[in-house]
Amino acid sequence: MPTRTSDVLVVGGGIIGLVTAWRAAQRGFSTAVLDPEPGGGAAQVAAGMLAAVTELHYGEQTLLALNLASAQRYPDFAAELTDLTGLDLGYRRCGTLAVALDADDRAHLRELHALQHQSGLDSEWLSGRECRRLEPMLAPGVRGGLRVDGDHQVDPRRLAGALVAACERAGVVLHRTWAERLTVERDRATGVLTREGEVLGAGQVVLAGGSLSGQLKGVPDDVLPPVRPVKGQVLRLTVPERHAPFLNRTVRAVVRGSHVYLVPRENGELVVGATSEELGWDTTVTAGGVYELLRDAHELVPGITELPLTETRAGLRPGSPDNAPLLGPTALPGLLLATGHYRNGVLLTPVTGDALAHALSTGELPDEARPFTPKRFGAGALVEQSV
Ligand SMILES: Cc1cc2nc3c(=O)[nH]c(=O)nc-3n(C[C@H](O)[C@H](O)[C@H](O)COP(=O)(O)OP(=O)(O)OC[C@H]3O[C@@H](n4cnc5c(N)ncnc54)[C@H](O)[C@@H]3O)c2cc1C
């Protein structure tokens with residue numbers, strides 16, 4: 001018998017679980033979250049680029065629509081959270097400049113520009129000289145770039161802190177512990193068993209465990225989300241007053257096939273990221289990772305070597321087979337997913353909260369989130385594809 005029950009129980013208190021819980025509580029559901037450290041997770045590492053346009057990839061046009069929907073909601077979302085909690089999210093409408101350092105990068109960026117144009121997105125091609133006029137710290141060798149004024153940034157650590165505060169204000173109960181197992185009765189998810197052996201019952205359970213989402217015991221195999229950890233190492237530098245403004249906007253490039261970006265915060269923090277490594281749940285910061293990031297960032301903006309290096313850290317992106325999130329009801333009644341946000345979880349936070357609140361209330365996903373149903377994977381989907 002469950003000792004405590006709620007309408008909605010969210011497993012995982014990263015930014016995705018927290019936004020889901022907050023929006024659910026706003027709709028009148030009694031809501032609880034389980035996480036040993038609510039507000040922790042990948043948001044403590046992430047850069048916080050809201051890069052719907054610069055992160056466009058071939059074959060990801062469906063995801064683009066969701067990314068754009070979320071980017072459009074950010075100003076109101078950030079204002080609502082700040083009004084409610086008094087906490088500033090570091091939401092900065094600074095734009096992004098993606099630059100090329102050699103002929104190959106330039107050809108690659110030209111292709112991205114064409115794809116953006118075909119997709120009806122705003123971006124402007126600039127010569128190397130025009131790029132340096134915008135960002136004087138760029139290396140003299142920059143061969144050209146794309147100016148994207150609509151790709152902004154938020155500070156994910158502040159976002160996570162504000163979501164914890166918003167949840168607390170909305171009456172969400174935070175259980176600071178692990179969910180050991182999903183409980184299922186008569187083919188319906190009914191709650192979880194905690195690490196301490198307590199049974200928490202719920203009308204609906206949302207699994208939002210980030211890269212650990214596929215590990216929860218008790219979830220039937222055909223419903224278990226196909227999510228894997230993708231390691232990313234990130235550096236934080238500090239821009240002293242005398243060097244400010246060091247950069248005015250996010251600057252990014254592909255250097256020898258690796259993505260590197262520099263995200264300047266208003267408080268002087270400069271985030272340099274990120275590696276992308278398939279190494280399971282390893283979160284070691286390695287000399288090689290730090291070296292490659294500094295080497296590539298230095299090629300882009302030589303002056304960074306003057307700045308104090310204040311932090312090195314690694315986190316895990318929750319990757320999915322098609323790089324898109326898994327949202328909403330599963331084939332197991334009572335169990336919903338909010339996971340697999342991969343490299344866009346910060347960007348997708350507003351739209352995920354809205355989609356899950358809608359799904360919890362109606363049993364259906366809203367139109368913009370329908371392509372991201374978890375039912376596109378799993379046993380049912382494979383049978384459908386084979387006929
Ligand atoms: C290096 C790096 C850079 C990034 N940069 C960006 C960026 O610029 N822009 C962007 O939009 N996104 C970015 N991301 C991606 C973004 O950070 C993630 O997609 C997002 O934070 C995922 O949030 P989440 O809540 O789904 O998962 P997580 O942050 O992983 O949180 C999951 C939480 O669930 C908890 N949990 C798991 N299992 C259980 C259980 N059984 N019981 C209780 N609790 C459990 C964990 O403790 C954890 O706190 C980046 C990520 C990384 C690693």
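**Exercise 1.** How many residues does helix α3 have, and what distance does it reach from its first C-alpha to its last? Determine also which of its residues are buried and what they pack against.

*Solution.* The structure is a predicted model.

Step 1. Helix α3 spans residues 103–118, which gives 16 residues. Its reach from first to last C-alpha is 23 Å, close to the 22 Å expected at 1.5 Å a residue.

Step 2. Its buried residues are D105, L109, L112, H113, L115 and Q116. These residues lie on the same side of α3, because they cover an arc of only 165 degrees around the axis.

Step 3. The buried residues of α3 pack against α2, β4, β5, β6 and β13. The face turned away from the buried side carries the exposed residues D104, H117 and Q118.

**Exercise 2.** Describe what flanks helix α3 at its N-terminal end and just after it.

*Solution.* At the N-terminal end, D102 acts as the cap: one of its side-chain oxygens lies 3.1 Å from the backbone nitrogen of D104. Just after α3, G120 takes a positive phi of about 75 degrees.

**Exercise 3.** Which parts of the chain does the salt bridge between D354 and R23 tie together?

*Solution.* Step 1. The closest N and O atoms of D354 and R23 are 3.5 Å apart, which satisfies the salt-bridge cut-off of 4 Å.

Step 2. D354 belongs to helix α7 and R23 to helix α1, so the pair ties together parts 331 residues apart in sequence.

Step 3. D354 is partly exposed, at 25% relative accessible area, whereas R23 is buried, at 11%.

Notes:
Residues numbered from 1 in each chain as written. Predicted model: local features only at pLDDT ≥ 70, side-chain atom pairs only at ≥ 80, totals over all residues. Heavy atoms only, no water. Helix = DSSP H or I, 4+ residues; strand = E, 2+ residues; numbered from the N terminus. Expected span 1.5 Å × (residues − 1). Buried < 20%, exposed > 50% of the residue type's maximum accessible area, 1.4 Å probe, protein only. Arc of directions from axis to C-beta. Contact = heavy atoms within 4.5 Å. Polar contact = N/O pair within 3.5 Å; in protein donor to acceptor, adjacent residues only side chain to side chain. Salt bridge = Lys/Arg side-chain N within 4 Å of Asp/Glu carboxyl O.
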